[in-house]
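Student: I would like to learn how to read helices and salt bridges in a model. Please take me through one.

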Amino acid sequence: VGGRGLYRGVLPAALSMMPACAVRMGTYEVLKKQLAAQPWEMPAGALVFVASALSVVVSASVRSPLDMIKTQVQTGAAGSAAAAIRVAVGSGGLSAVSAFYRGAGLTLLRDVPFFSINLLLYEQLKARALAMQGRETVDGVAEAGALPAMQAILLGAIAQGIAGFSTTPADRLKTYVQSGAAIGVKAAFSDILRKEGVAGLMAGAGLRTLWIMPQGCIYYPVYELVQRAMSPKSE
């Protein structure tokens with residue numbers, strides 16, 4: 001494979017993540033405010049969890065087609081992003097749409113709980129950190145952009161790591177199906193239990209956690225920085 005092969009598809013990967021993250025977090029902030037403004041009372045944790053889950057579903061409309069292109073390029077099934085698009089569009093009609101959204105259900109199976117747990121933990125840890133500093137939160141939800149960079153790095157790593165570890169079973173099932181080892185989630189679940197037992201669902205949990213924690217060290221400080229820059233108070 002070589003060093004160059006390890007970075008095959010890095011451009012489609014980056015291009016798939018940037019708009020998906022923008023849509024997800026933008027939707028999350030809008031939904032969080034809309035839900036908080038409703039006449040019924042919703043616990044802060046439930047508000048964050050629901051807003052995050054819905055934002056992942058919305059962002060899937062952007063991420064799934066780009067994910068398909070990334071996968072095609074990285075596996076060598078297509079020589080470039082343009083070639084992957086031509087193959088998908090070439091099937092025409094509903095088949096073309098289906099080709100772009102192949103595997104979306106499996107991705108949501110993992111990403112809805114992952115990002116919901118992730119943001120729930122981060123928001124709760126952030127609110128606790130601000131409370132210890134004597135700074136206020138609104139109904140248990142911290143003000144956007146209120147956390148210093150070093151705290152955002154630490155809390156982001158914790159939230160990302162715990163969310164990654166706890167959703168390892170969903171990630172294992174997704175990978176098992178997409179690798180062709182099973183035809184569906186139910187078959188994958190039964191096959192893993194039969195061959196490896198319950199522990200098989202947590203295979204690779206340590207590596208997944210170590211791989212995913214550094215992302216939180218970058219993601220959340222940038223998120224806080226952008227929120228601070230866009231805040232009316234900074235203008």
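Tutor: What follows goes through a helix, its surface and the salt bridges. This is a predicted model, where local features need pLDDT of at least 70, side-chain atom pairs count only at pLDDT 80 or more, and totals for chains, interfaces and linings use all residues. Residues are numbered from 1 along each chain as its sequence is written, and side-chain values use heavy atoms, with hydrogens and water left out.

Student: What span does helix α10 reach from its first C-alpha to its last?

Tutor: Helices are DSSP runs (H or I, at least four residues), numbered from the N terminus. Helix α10, residues 205–230, reaches 36 Å, close to the 38 Å expected at 1.5 Å a residue. The expected span is 1.5 Å times one less than the number of residues.

Student: Which residues of α10 are buried?

Tutor: Buried means under 20% relative accessible area, exposed over 50%, partly exposed in between (1.4 Å probe, protein chains only). Among the buried residues of α10 are Arg208, Ile212, Gly216 and Tyr220. Val226, also in α10, is partly exposed because its relative accessible area is 40%.

Student: Which parts does the salt bridge of Arg208 and Asp171 tie together?

Tutor: A salt bridge is a side-chain nitrogen of Lys or Arg within 4 Å of a carboxyl oxygen of Asp or Glu. Arg208 and Asp171 meet at 3.7 Å, N to O. Arg208 lies in helix α10 and Asp171 in helix α8, so the pair ties together parts 37 residues apart in sequence. Arg208 counts as buried at 9% relative accessibility, and Asp171 at 17%. Both belong to a salt-bridge network with Arg63, Arg110 and Asp111.

Note on methods. Helix = DSSP H or I, 4+ residues; strand = E, 2+ residues; numbered from the N terminus.
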